[in-house]
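Student: I've got a model open and I'd like to practise reading it. Can we go through a few features together?

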Amino acid sequence: MTEDWTTHFDGLRDLPADEQALLRRSAHAMHLPAGRTVFAPGQEAQTFFLLRTGTVRVQQQTETGREVFLYRVHAGESCILTTACLLSSEAYTAEAITETEVTAVAIPRAGFEAIIAGSAAFRRLVFHAYARRIADLFALIDDILSQRMDVRLAARLLALADDSGQVQATHQVLAHELGTAREVITRTLAEFHRRGWIAQARGAVRLADPEALRQLARGGTR
C-alpha cells in the first residue's frame, strides 16, 4: 500500500516515521462484502487487521448450537481475538462475520511480529485496545448474569439504532446479540410495542419512544 493509511488510526499517526514506514511496507488492503466470514473456529491467525470502514461481528457457538454475541469491531479498531491468537499462536475459538461491506488494512504475521517487537509505542497501542475490550467482555458477562432481559434489550436497541431510530435486525438476530431464545425477544418486544415504545416491521424495529427505552436501560421503572 502506497497510501499513508496510518493517519486514519488513533495512535498510529503519532508513531515515529521509521515505524510508520515499516507498517506501510508490511500492510496490504483488504476488502470484503457483507456476510463474509473473516475467520472461523480452528483456523490459525495469520493476519492482524485494522478496520477502516464497516463493522465485523465476533460470536461464538456453544455446545448446544446457540450463537453468543461477543463484540463488534468498528472502523478505527482491531480485533482482540486476532491479537490474542497471533501472540499465543493459538487457533481461533470464535468466528467473525462482516455485517457490512468492509475495508481494512491487513498486516501479515511476520510484519506484525516485527513491529510489535521493535516498537514500544505500537505495543502500547495494541495492548491498550486489548485491555479495553477485555473490560467490555467482563461488562457483558456481568450484564448477562445480573440484568433483566428487558433492560438488556432496551440498551441493545438503542445501541443498534441508526440516526432515524431504525434497527435493522430480526428477532433471531437480537436473540443472538443477547444470548437468549428468540421467543424471549419476541415476548419482550411485544411488551415494548404494547407500551408504545417501539413499532415493528418484518426484520426491523423502529424506536417510537427512545427516552422510555433509555430510562429502562438506565435501570428505571417500566
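Student: Let's begin with charge. How many positive and negative side chains does the protein chain have, and how far apart do the centres of the two sets lie?

Tutor: Keep in mind that this is a predicted model. For charge, look at the counts and then at where each set is centred. Here the protein chain carries 25 positive and 26 negative side chains, with 5 Å between the centres of the two sets.

Student: And the fold? How many helices and strands are there?

Tutor: Count the elements, then check the extent of the trace. You'll find 8 helices and 10 strands in the protein chain, and its C-alpha trace spans about 60 × 35 × 30 Å along the principal axes.

Student: What share of the contacts links residues 24 or more positions apart?

Tutor: Take the contacts with a separation of 6 or more: 68% of them in the protein chain are between residues 24 or more positions apart.

Student: What about burial and surface? What percentage of the residues is buried?

Tutor: Of the 222 residues in the protein chain, 40% are buried. On the outside, about 11500 Å² is exposed, and carbon and sulfur atoms supply 51% of that area.

Student: Now the cysteines. How many disulfides does the structure hold?

Tutor: The test is sulfur-to-sulfur distance, with a cut-off of 2.5 Å. The structure holds 0 disulfides. For Cys79, the nearest cysteine sulfur is that of Cys85, 8.0 Å away.

Student: Are Cys79 and Cys85 buried or exposed?

Tutor: Cys79 counts as buried because its relative accessibility is 1%. Cys85 is buried too, at 3% relative accessible area.

Conventions. Residues numbered from 1 in each chain as written. Predicted model: local features only at pLDDT ≥ 70, side-chain atom pairs only at ≥ 80, totals over all residues. Heavy atoms only, no water. Helix = DSSP H or I, 4+ residues; strand = E, 2+ residues; numbered from the N terminus. Buried < 20%, exposed > 50% of the residue type's maximum accessible area, 1.4 Å probe, protein only. Contact = heavy atoms within 4.5 Å. Areas by Shrake-Rupley, 256 points an atom, 1.4 Å probe, with all protein chains shown as cover. Lys, Arg positive; Asp, Glu negative; His and termini not counted. Charge placed at Lys NZ, Arg CZ, Asp CG, Glu CD.
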